[in-house]
Amino acid sequence: MVVFASAASAAPCFKCKAVPVNMPVSLTVGTVRTPEFLVRYTDYKIMVRVKRGLPLGELDCMMGIKMSGNPDHCAMFHFETVLEAEWKVSDGDHIVAQGSVHGKDDRMAVSDDTLDRYFGTFVGEANKKYILEVKFIKDGTPLNEFKPRLIVQMY
């Protein structure tokens, strides 16, 4: 009986998804909490994704993404960073990971249609429920027209 129970707990989580959180989010100042989500035992990345609707250089600056090449690009064209946040992942009462997004860095991904700004990572424990809480500390509403989404995704 004990062997069966331990084997069952080691089974893969069939309700867990590669992208357990993919929800629309407003980037106004304030706090957003996700519903509980299940994960597998693996690394997850946290990000905000927007649809591309501006020239990439301007959108990069607004998202706080460091441009390779000309580091003064944003200042030169007066493009302000509007995406700044603090985040934490908890499994109930325990914070398992936390971080912040301030200023500019190069943690991003780009496609033909979208631009992602990475916030950070955490390691999920199989079959455990988590909640992500993001506190937007700067008014990011100029990005709301680009349909921002809060995403937690397997690495």
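Good morning, colleagues. I begin with one ion pair: Asp 105 and Arg 107 form a salt bridge, with 3.0 Å between the closest N and O atoms. Please keep in mind throughout that we are looking at a predicted model.

Are these two partners buried or partly exposed? Asp 105 counts as buried, at 16% relative accessibility, whereas Arg 107 is partly exposed, its relative accessible area being 31%.

Asp 105 also meets the side chain of Arg 117 in a salt bridge, at 3.2 Å from N to O. Asp 105 sits in the loop between β6 (95–101) and β7 (108–110), while Arg 117 belongs to strand β8 (residues 114–123), so this pair ties together parts that are 12 residues apart in sequence. Arg 117 is buried, with a relative accessible area of 0%. Elsewhere, Arg 33, Lys 88 and Glu 133 are joined into one network by salt bridges that share partners.

How many salt bridges does the structure hold? The count is 9. One of them links Glu 80 with Lys 138, where the closest N and O atoms are 3.1 Å apart. Glu 80 is found in the loop between α3 and β5 (85–90), and Lys 138 in the loop between β9 (129–136) and β10 (149–154), so parts that are 58 residues apart in sequence are tied together by this pair. Lys 138 is partly exposed, at a relative accessible area of 25%.

I turn now to the covalent link. A search of the whole structure finds 1 disulfide; it joins Cys 61 to Cys 74, with an S to S distance of 2.0 Å. Cys 61 lies in helix α2 (residues 56–63) and Cys 74 in helix α3 (residues 73–76), so the disulfide ties together parts that are 13 residues apart in sequence. Why is this disulfide described as left-handed? The torsion about the S-S bond of Cys 61 and Cys 74 is about -90 degrees, and the disulfide is therefore left-handed. Both Cys 61 and Cys 74 are buried.

Let me close with the overall architecture. The protein has 3 helices and 10 strands, and along the sequence they follow the pattern α-β-β-β-β-α-α-β-β-β-β-β-β. Among contacts with a separation of 6 or more, 73% are between residues 24 or more positions apart. Of the 155 residues, 40% are buried. The accessible surface comes to about 8,700 Å², and carbon and sulfur atoms account for 54% of it. Thank you for your attention.

Terms used
Residues are numbered from 1 along each chain as its sequence is written. This is a predicted model: local features need pLDDT of at least 70, side-chain atom pairs count only at pLDDT 80 or more; totals for chains, interfaces and linings use all residues. Side-chain values use heavy atoms; hydrogens and water are left out. A disulfide is a pair of cysteine sulfur atoms within 2.5 Å. Helices (H or I, at least four residues) and strands (E, at least two) are DSSP runs, numbered from the N terminus. Buried means under 20% relative accessible area, exposed over 50%, partly exposed in between (1.4 Å probe, protein chains only). Contact means heavy atoms within 4.5 Å. Accessible areas come from the Shrake-Rupley method with a 1.4 Å probe; for residues, only the protein chains shown count as cover. A salt bridge is a side-chain nitrogen of Lys or Arg within 4 Å of a carboxyl oxygen of Asp or Glu.
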